[in-house]
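Trainee: Could we go through the helices of this model together? I should like to begin with a single helix and then turn to packing.

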Amino acid sequence: MRTLRLIGIGGALAYRALFNWTTPAMYVGTLLAGPTFQLLFFAYLGRQLQVADDRFFIVGNAVLAASTACVFGGTMAVANERRYGTLGHVLLSPRSRTVVFWGRVLPYAGNGLLIAAFTLLMGVLLLGLRIPAAALPGLALALAAGSLACGFFGLTLGALGLRFRDVWVVSNVSAALLLLLTGVNVPRDGLPDWMITVGQLLPITNAAEAARLLAAGRGLEAAAPALGRELLVGVGYAVLAALLLKVFEAESRRRASLETL
Amino acid sequence: MRTLRTLLIGTVLRAKHLSRSPFEVALALVIPLVQATLAVYLFQAGDEPHRLLEAAVGAGLMGVWASVLTGSGGAIQHQRFEGTLEIIMLTPRHPVLVVLPLTAATAVTGCYALVATLLWGRIVYGIPIDLAHPLAFGAATLACIAGLGMFGLLLASTFILLRNANALANPLDYPIWLLSGMLVPISVLPAWTAPIAAVLPTTWGARALREATVGGPVWPSIGICLALGTVCLVLGAVLLKSFERRARASATLALA
């Protein structure tokens, strides 16, 4: 119970403290308008090139929409503590730091889910996508799984921030690579084998596959394997993040470089 | 002559400044290549390999615009964070002569994106760089730099009034890429977007580059790009002065 409290309340408090740049204008501009324009861009490009139908791009970009908030949020959960000089206080906590940092991912994942749902709604309203009502719970599950995996992916990148000075370069490049490697905008069978393999190890890839099956009315049974893989990827990044945080925390204590910027 | 010197030295200085930031350099190096790769696979998937060169040029121009947009938003914001905005606004020259080099430098450095995507396409995907009008392509590139730099100034002037200029700059990448026809032809967009596209210098810059690549009347497009850029420059200068006065009057230049 105490652990759940630490995850829930600790995560929410840290979110409010570290997400301080979120003014309404910034939120609407960056997290709602940006993904909607991205969706329109790829949908029209797809129509022109006849790569795939609208559903392919709308659903793919809706899943991708969560990545900005989740990847950068997860990174911020660690990197901003360092930037604001409070990382030492967190690492002095007598409670498990792994649980503390895992808890931080949840609000970002929740935010990602909201953004993904908004982007999907924009696809429905602006481009006339039709989704069977029965598919909605499954779709929510797929978007949530993608957001959570993205959040843990971001936390892994944030953990690198304990070792490397400029973790934002890594986050920005990673976010751009998600666009290319996860198959949200390019059908994956058109990509080289190594890109497909790397894509399988990234968040979103399987969530997008599951969401597309669900939006096509194929049902939860058909989407379950992809959903399972997405959750597995998320768990993988959660474990990797915990390991990296432990290793880099120990190393930064040993080298007295904890708050070196 | 003094004005040209101010603009030139300011642009070179800002470009040098940008080149000292590992963050800026890393992003400028990598992101255009990712975009070019994405464009190549999309065009290949769409069974349009004959348009790969066009795709590489379009992706490069997208990189130039991304650089200008980030730079324009960051030009004022960065000076504000560094505490130098008030100092540069106190210079005895017109503010436009101080701010234009900040945005022009981002267009100049953004040109790397154009060169990089072409080379990336040639080396990695074997796309022949077979330009229909090589000389006009060079002229179109220069016109794009000038046009986009002046458009950037217009954006930067509005950012003086905004505390979080990024809120406006962040979502503007995709709409301009879309409306300017950098990868998607404007003809496939809804009809109401056509007048908006027609008044953007980016539309004519992209068109000039495309015509220089695949053939077509390049020079009229270059002329319109520069003319619209000049309109942006004049508008930007007026707005910059007006916003600067308002910010001074309310003593919010460094805070706004």
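Trainee: What should the 14 residues of helix α10 of chain B span at 1.5 Å a residue?
Mentor: The model is a predicted one. For residues 201–214 of chain B, which form α10, the expected span is 20 Å, and the end C-alpha atoms lie 20 Å apart, so the two agree.

Trainee: And how many residues of α10(B) are buried?
Mentor: Eleven of the 14, so α10(B) is largely enclosed by the rest of the structure. Among them are B:Trp204, B:Leu209 and B:Glu211.

Trainee: Which helices do the buried residues of α10(B) pack against?
Mentor: In chain B, they pack against α3 (52–82), α5 (95–125), α6 (134–159), α8 (173–179), α9 (194–198) and α11 (218–249).

Trainee: What phi does B:Gly215 take, just after α10(B)?
Mentor: B:Gly215 has a positive phi of about 110 degrees. A positive phi, of about 65 degrees, is also found at B:Gly126, just after α5(B).

Trainee: How many residues does α5(B) have, and how far does α5(B) reach?
Mentor: α5(B) has 31 residues. From first C-alpha to last, α5(B) reaches 45 Å, close to the 45 Å expected.

Trainee: Turning to chain A, at what angle do α5 and α6 pack?
Mentor: Helix α5 (residues 97–127) and helix α6 (residues 136–160) of chain A pack at about 135 degrees, with axes 8 Å apart. That angle makes α5(A) oblique to α6(A), and their crossing is right-handed.

Trainee: Which residues make the contact?
Mentor: From α5(A) they include A:Phe101, A:Trp102, A:Ala109, A:Gly112 and A:Leu113, and from α6(A) they include A:Leu143, A:Ser147, A:Gly151 and A:Phe152. By class, the contact has 16 nonpolar, three polar and no charged residues.

Trainee: Is A:Ser147 buried or exposed?
Mentor: A:Ser147, which lies in helix α6 of chain A, is buried, because its relative accessible area is 0%, under the 20% cut-off. Leaving aside residues up to four places away in sequence, A:Ser147 touches A:Ala66, A:Cys70, A:Ala109, A:Gly112 and A:Leu113.

Trainee: How do α3(A) and α5(A) cross?
Mentor: The axes of α3(A), residues 54–83, and α5(A) come within 8 Å and cross at roughly 155 degrees. The two helices are therefore roughly antiparallel to each other, as angles over 145 degrees are counted that way. The crossing of α3(A) and α5(A) is right-handed.

Trainee: What classes of residue are in that contact of α3(A) with α5(A)?
Mentor: It has 17 nonpolar, seven polar and three charged residues.

How values were computed:
Residues are numbered from 1 along each chain as its sequence is written. Chains are lettered from A and ligands numbered from 1 in the order in which they are written. This is a predicted model: local features need pLDDT of at least 70, side-chain atom pairs count only at pLDDT 80 or more; totals for chains, interfaces and linings use all residues. Side-chain values use heavy atoms; hydrogens and water are left out. Axes are lines fitted to C-alpha atoms, for helices over the stretch in contact, and angles run from 0 to 180 degrees between N-to-C directions. Helices (H or I, at least four residues) and strands (E, at least two) are DSSP runs, numbered from the N terminus. Angles under 35 degrees count as roughly parallel, over 145 as roughly antiparallel, 65 to 115 as roughly perpendicular and the rest as oblique. A crossing is left-handed if the near helix is turned anticlockwise from the far one by less than a right angle, and right-handed if clockwise. Contact means heavy atoms within 4.5 Å. Ala, Val, Leu, Ile, Met, Phe, Trp, Tyr, Cys and Pro count as nonpolar, Asp, Glu, Lys and Arg as charged, and the others, Gly among them, as polar. The expected span of a helix is 1.5 Å times one less than its number of residues. Buried means under 20% relative accessible area, exposed over 50%, partly exposed in between (1.4 Å probe, protein chains only).
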